[in-house]
Amino acid sequence: MDLSIAAILAQDGITSGAVYALLALALVLVFSVTRVIFIPQGEFVAFGALTLAAIQADKFPLSATLLVALGALSFIQEAAAVMFGRSGETRKVRQIGVALLKFVLLPLAIYAVTRWYGHATLAMPLQVLLTLLIVVPMGPMIYRLAFQPLAEASTLVLLIVSVAVHYALIGIGLLMFGAEGSRTTPFSDARFDIGGLTVSGQSCVIIAVSLLLIIALYLYFERTLSGKALRATAVNRLGARLVGIGTAQAGRLAFTLAAALGALCGILIAPLTTVYYDSGFLIGLKGFVGAIIGGLGSYPVAAAGALLVGLLESYSSFWASAFKEVIVFTLIIPVLLWRSLTSKQVDEGDQ
């Protein structure tokens, strides 16, 4: 391997690592706020990429239909919870009205906009915006349907539910998008010569967007009231509840951010690689390795770990392409061993 090949592999690794870093941050956020190891994170990657590909192919994305179905189920569950609650009649009516707006009317409006305007002639930024409008609301709906009723359950139960949701979404993805893979139009066809290295414009877009999102997340958690509420919920759920922070609202917000990050990752990588209905699982697992390096608690270490995963994957594909996945996932073993030896045992009931 000469220096030019090493530089090319480093570019590919940094590009992949930037995507894995966003997924790792989303996984850490969801786990720290809700204690859910969010295995379906990768499905939002696939849904984002394939929804955009369907729009660019001038096909109606069936993910918009899924959004309406999830919204209807969420409304039924929310309305039932309100009706059997202890609130007054006036408050019940108001809560049901808000639920109707969020879970029924908004998805129907997005469905109508997609049906009328979701065509290949739409400008690229509007295609991306429409894709996000379709995919991102699925995050809080999935939380409402699958995880909010079990918010106080053990981590093991939440993990089992997460696996079930993952398999359900994979089956739905196959039904909606079929077994064929898709690619989307690149955001940039530019090429930049830096020394002897040619850098693609798409790689620059991925790295720039990832850096901007990481900075935006940092400012959100440090400077905004809702971001501080999320941090408080992550530190101590009971304490957050005692000072008036709604843990259910925090969970929905965490899942919304995770869905947004996943969909954006899918949109960013779709021009570089063919995405299938189940491609997101492997991509999400690599983000999970980065999150494990961060102990599912440290955002900077998780981002750095995800970047390490991208570089390791890139160089492994050169030296031993048949074993690159094995090499990447083997990285988790020494990390878990080291953490098991250095971390104190904490009973789940004491958290």
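**Entry 1: α6 and α7**

I count an angle as roughly parallel under 35 degrees, as roughly antiparallel over 145, as roughly perpendicular from 65 to 115, and as oblique for the rest. I note at the outset that this is a predicted model.

I looked up helix α6 (residues 138–147) and helix α7 (residues 155–177), whose axes come within 11 Å and cross at roughly 125°. α6 and α7 are therefore oblique to each other. Their crossing is right-handed. On the α6 side I found Ile142, Ala146 and Phe147 in the contact, and on the α7 side Leu158, Val161, Ser162, Val165 and Leu169. By class, I recorded seven nonpolar residues, one polar and no charged in the contact of α6 with α7.

**Entry 2: α2 and α11**

I turned to helix α2 (residues 41–56) and helix α11 (residues 247–269). Their axes come within 7 Å and cross at roughly 50°, which makes α2 oblique to α11. The crossing of α2 with α11 is right-handed. α2 brings Gln41, Phe44, Val45, Gly48, Ala49 and Leu52 to the contact, while α11 brings Ala258, Ala259, Gly262, Ala263, Cys265, Gly266, Ile267 and Ile269. I entered the classes for α2 with α11 as 10 nonpolar, four polar and no charged residues.

**Entry 3: Ala263**

I then took one residue of α11, the helix in which Ala263 is found. Is Ala263 buried or exposed? Its relative accessible area is 0%, so I recorded Ala263 as buried. Leaving aside neighbours within four places in sequence, I found Ala263 in contact with Phe44, Gly48, Leu132 and Val135. Of these, Phe44 and Gly48 also appear among the α2 residues that meet α11. I also checked Ala263 against Ser203: the two are 60 residues apart in sequence and 17 Å apart in space, C-alpha to C-alpha.

**Entry 4: The nonpolar core**

I next asked which residues have the most contacts inside the largest nonpolar core. They are Phe38, Phe47, Met138 and Phe147, in a core of 85 residues. Helix α1 (residues 3–34) supplies the largest share of this core, 14 residues.

I followed Met138 further. With neighbours within four places in sequence left aside, Met138 is in contact with Phe44, Phe47, Ser63, Leu66, Leu67 and Leu70. I noted that Phe147 is also one of the α6 residues in the contact with α7.

**Entry 5: Ser210**

I located Ser210 in helix α8 (residues 201–223). Its relative accessibility is 2%, and Ser210 therefore counts as buried. Not counting residues up to four places away in sequence, Ser210 touches Ala18, Val19 and Leu22.

**Entry 6: Two positive phi angles**

I looked at Arg35, which has a positive phi of about 65° although it is not a glycine. Arg35 lies in the loop between α1 and α2. I recorded Arg35 as buried because its relative accessibility is 14%, and buried means under 20%.

I then looked at Asp58, again not a glycine, with a positive phi of about 60°. I placed Asp58 in the loop between α2 and α3 (63–83). Where does Asp58 stand in accessibility? At 47% relative accessibility, I entered Asp58 as partly exposed, since exposed would require over 50%.

Terms used
Residues are numbered from 1 along each chain as its sequence is written. This is a predicted model: local features need pLDDT of at least 70, side-chain atom pairs count only at pLDDT 80 or more; totals for chains, interfaces and linings use all residues. Side-chain values use heavy atoms; hydrogens and water are left out. Axes are lines fitted to C-alpha atoms, for helices over the stretch in contact, and angles run from 0 to 180 degrees between N-to-C directions. Helices (H or I, at least four residues) and strands (E, at least two) are DSSP runs, numbered from the N terminus. A crossing is left-handed if the near helix is turned anticlockwise from the far one by less than a right angle, and right-handed if clockwise. Contact means heavy atoms within 4.5 Å. Ala, Val, Leu, Ile, Met, Phe, Trp, Tyr, Cys and Pro count as nonpolar, Asp, Glu, Lys and Arg as charged, and the others, Gly among them, as polar. Buried means under 20% relative accessible area, exposed over 50%, partly exposed in between (1.4 Å probe, protein chains only). A nonpolar core is a set of buried Ala, Val, Leu, Ile, Met, Phe, Trp, Tyr and Cys residues joined through side-chain atoms within 4.5 Å.
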